[in-house]
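User: I am new to this structure and would be grateful for a close look at one part of it. Please take a single residue and its surroundings and describe them in a connected way.

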Amino acid sequence: ATILAACTFGSASAAELVVGFSQIGSESGWRAAETTLTKQQAEQRGIDLKFADAQQKQENQLKAIRSFIAQGVNAILLAPVVATGWDEVLQEAKDAEIPVILLDRTVDAPKELYLTAVTSDLVHEGSVAGKWLAETVADKPCNVVELQGTTGSSPAIDRKKGFEQALSGHDNLKIIRSQTGDFTRTKGKEVMESFLKAEDGGKNICALYAHNDDMAVGAIQAIKEAGLKPGKDILVVSIDAVPDIFQAMAAGEANATVELTPNMAGPAFDVLATYLKDGKEPPKWIQTESKLYTQADDPMKVYEEKKGLGY
Ligand code: GYE
């Protein structure tokens, strides 16, 4: 069922497309940029984007998807807040012949229930961060604290896995505390404060690994308020490469980040147009790049470059 009778299989073009986007929320600077870019990409392609912000609640995403199905949209974009609980609603979309494209996170559901997933290699991101830390500390004993992303989300699960894989074999590196900061600055600061209190004011902590830059920026504040130097007393490595982490790097308060592009919608809309035009199924995974940035990469120059890209 589609909104526009004219928009039947094989004749759909971007000009006629109505796409529902179930976005998680705006918990981080990265996600806000993804939303901005998705709206820009839809605008440029003449796509009518129906946007729904779930305030980080899965039940709101399920409601939004069912509403999109009832509206008879031509396709659905879904950034799934957690990895489980999607099979039923994805089956309903499939039964309604509405293709679903996953953005930036994956789901534990049969692959035939969605058209494709546009994501980075989340395990690889964690291992890039872990390898950087292992090389940086060499064989010095280093107690690591970890701020995890949203509990049950594929990035929290996979970034933890990749980081631990990179640390295996380096017995001098030990993760002594690990807790979710829900990908937000506020929670990242709060949890880092508790880590510092629990670890003798932070004297016992050599490094922080945060699953995203926003939690790292919050934690940097907590480290400073505890009278320690982030980036020196406690090394800081995170993921996303949002502008603010480059400002922290330029100030010597953060050390490394792994880049995640916020432009997931561009590739998604490209494969969707091809699929709707001639039924050509894309691969089930469209992988975006992961690049390591450190203080050696002229952080303020990168900051300026990033400022224009949706941030
Ligand atoms: O790293 C974080 C956002 O799903 C991979 O979600 C994405 C993550 C990203 O909250 O900033």
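Analyst: The side chains of Glu-27 and Arg-31 are joined by a polar contact of 2.6 Å in this predicted model. Glu-27 belongs to the loop that runs between strand S1 (18-23) and helix H1 (29-44). Its relative accessible area is 9%, and because buried means under 20%, Glu-27 counts as buried.

The surroundings of Glu-27 include residues from other parts of the chain. Leaving aside residues up to four places away in sequence, Glu-27 touches Gln-56, Arg-105, Asp-182, Phe-183, Thr-184 and Asp-214.

One of these contacts, Asp-214, leads to helix H7, where Asp-214 is itself among the buried residues. Helix H7 covers residues 213-225, and its 13 residues should span 18 Å at 1.5 Å a residue. The C-alpha atoms at the two ends of H7 are 18 Å apart, so the model agrees with that expectation. Ten of the 13 residues of H7 are buried, and the helix is therefore largely enclosed by the rest of the structure. Besides Asp-214, the buried residues of H7 include Asp-213, Met-215, Ala-216, Val-217 and Gly-218. Further along H7, Ala-219, Ile-220, Ala-222 and Ile-223 are buried as well. After H7 comes Gly-227, which has a positive phi, near 80°.

In summary, Glu-27 is a buried residue in a loop, with a side-chain polar contact to Arg-31 and a contact to Asp-214, a buried residue of H7.

Methods. Residues are numbered from 1 along each chain as its sequence is written. This is a predicted model: local features need pLDDT of at least 70, side-chain atom pairs count only at pLDDT 80 or more; totals for chains, interfaces and linings use all residues. Side-chain values use heavy atoms; hydrogens and water are left out. Helices (H or I, at least four residues) and strands (E, at least two) are DSSP runs, numbered from the N terminus. Buried means under 20% relative accessible area, exposed over 50%, partly exposed in between (1.4 Å probe, protein chains only). A polar contact is a pair of N or O atoms within 3.5 Å; within protein, one must be able to donate a hydrogen and the other to accept it, and residues adjacent in sequence count only if both atoms are side-chain atoms. Contact means heavy atoms within 4.5 Å. The expected span of a helix is 1.5 Å times one less than its number of residues.
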